[in-house]
Amino acid sequence: MAIRNIIQLGDPTLRKRSFEVTEFGAKTNQLLDDMKDTLKKADGVGLAAPQVGVLRRVFIIDYDGIQYECINPVMLSQSGSQTGDEACLSVRGKFGTVKRPMRVTVKAFDRKGKEFTVKAEGFLARAFCHEYDHLDGIVYVDKADVVKEDK
């Protein structure tokens, strides 16, 4: 396992749409393991493959003691709304206020290729939306009302 470099806003990779994972195996498992190590070292909540320079539809979230590995996720439903501050490991030193759904349902595959569904609400729903956006080349600053310097 390895710590990967988290690319920063301005790198064109962050603005590209990621490709679906077509093979589950050692390469994807290595990516997931590296992303977990990278996320832990960065002390973040979520990390998408494009943030480590890999244009694949993969993200991880580590929240409230539960780790989610999402490969080829699909947003099945969104409802309600919430507005709150967000930051990003690829936009160091800043945060912004973003409107997101209060509840989401996401379908994805795990590292073994098994499909699963997650229903999330509140902060976890925000995290799923934030990471999902990365897979389409969208960064939270694109949706933020205001972006401020972190104190």
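Let me start with disulfides, since that is what one tends to ask about at the bench: in this predicted model the count of disulfides is zero. If we take Cys-88, the closest cysteine sulfur belongs to Cys-129, and because the two sulfurs are 14 Å apart, which is too far for a bond, whereas a disulfide requires sulfur atoms within 2.5 Å, Cys-88 remains unpaired here. Cys-129 is likewise in no disulfide, and for Cys-129 the nearest cysteine sulfur is that of Cys-70, at 12 Å.

Are these two cysteines buried or exposed? Cys-88 has a relative accessibility of 10% and so counts as buried, and Cys-129, with a relative accessible area of 5%, is buried as well.

Let me turn now to the sheet. Three strands form an open sheet in the order β4-β5-β8, and the pairing is antiparallel. The edges are taken by β4, which covers residues 82-88, and by β8, residues 147-149, each of them pairing on one side only. Going from one strand to the next, the twist averages 25°.

If we look at the pairing on the β8 side, strand β5, which spans residues 91-100, meets β8 in the antiparallel sense over three bridges. As for individual residues, Lys-94 has Glu-149 in β8 as its bridge partner.

Finally, the helix: α2, residues 123-135, lies across β4 and β5, and α2 runs at about 55° to β4.

How values were computed. Residues numbered from 1 in each chain as written. Predicted model: local features only at pLDDT ≥ 70, side-chain atom pairs only at ≥ 80, totals over all residues. Heavy atoms only, no water. Buried < 20%, exposed > 50% of the residue type's maximum accessible area, 1.4 Å probe, protein only. Pairing = 2+ DSSP bridges. Helix = DSSP H or I, 4+ residues; strand = E, 2+ residues; numbered from the N terminus. Axes fitted to C-alpha atoms, helices over the stretch in contact; angles between N-to-C directions. Contact = heavy atoms within 4.5 Å.
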